[in-house]
Amino acid sequence: MNIERQMEVIGQFNRRVWFREVASVLGIRLSDHEVNELVKTYWDSWRSGSKLFSDVLPTLAKLRRCGLRLGIITNTDGELGLREIEYARMVFTNYLT
């Protein structure tokens, strides 16, 4: 929790740093590959456990038909390329401009 609080205070939460710091506290040294695999596993787990409410897609479709421009604002961590890959896997991104 202390590592998490520190990242919140500085306004930068990065899962790679978090996993590396937690491992270090536990006396474990992780390679870059291992850290990347942990981050991938985290996001795969998060995505598989995240479900859309039944009215999300019809609502987004209606908003698009009304001519509204839609986008995502998030405080998610990670590198831009990884975030783009994760967003592309989400079914609602087809409704964003």
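**Note on helices H2 and H3**

1. Asp32 counts as exposed, with a relative accessibility of 54%. The cut-off for exposed is over 50%, so Asp32 falls in that class. The model is predicted, and every remark below should be read with that in mind.

2. Which residue pairs with Asp32 in a salt bridge? The partner is Arg20; the side chains meet at 2.8 Å, N to O. Arg20 sits in helix H2 and Asp32 in helix H3, so this pair ties together parts that are twelve residues apart in sequence. Arg20 is partly exposed, at 34% relative accessibility. In general, side chains of opposite charge can pair when their charged atoms come close.

3. The two helices pack against each other. H2 spans residues 15-25 and H3 spans residues 32-49. Their axes are 9 Å apart, at an angle of about 115°. The crossing is right-handed.

4. Now the residues in that contact. H2 contributes Arg15, Arg16, Phe19 and Arg20. From H3 come Asp32, Val35, Asn36, Leu38, Val39, Tyr42 and Trp43. By class, the contact has six nonpolar, four charged and one polar residue. Arg20 and Asp32 are thus part of this contact as well as partners in a salt bridge.

5. Which residues of H2 are buried? They are Arg15, Phe19 and Ala23. These residues cover an arc of only 70° around the axis, so they lie on the same side of H2. H3 is included in what covers them. Two of the buried residues, Arg15 and Phe19, are also listed in the contact with H3. Note that Arg15 is a charged residue in the buried class.

6. Just after H2, look at the backbone of Gly27. Its phi is positive, at about 80°.

7. How many salt bridges are there by the N-to-O rule? The count is two. Besides Arg20 with Asp32, Asp44 forms one with Lys40. The closest N and O atoms of Asp44 and Lys40 are 2.8 Å apart.

8. The Asp44 and Lys40 pair stays inside one helix. Both residues lie in H3, four residues apart, about one turn of the helix. By contrast, Arg20 and Asp32 lie in H2 and H3. Asp44 is partly exposed, with a relative accessible area of 24%. Lys40 is partly exposed too, at 43% relative accessibility. Buried means under 20%, so neither Asp44 nor Lys40 belongs to that class.

Terms used:
Residues are numbered from 1 along each chain as its sequence is written. Side-chain values use heavy atoms; hydrogens and water are left out. Axes are lines fitted to C-alpha atoms, for helices over the stretch in contact, and angles run from 0 to 180 degrees between N-to-C directions. A crossing is left-handed if the near helix is turned anticlockwise from the far one by less than a right angle, and right-handed if clockwise. Contact means heavy atoms within 4.5 Å. Buried means under 20% relative accessible area, exposed over 50%, partly exposed in between (1.4 Å probe, protein chains only). The arc is that of the directions from the helix axis to the C-beta atoms. A salt bridge is a side-chain nitrogen of Lys or Arg within 4 Å of a carboxyl oxygen of Asp or Glu.
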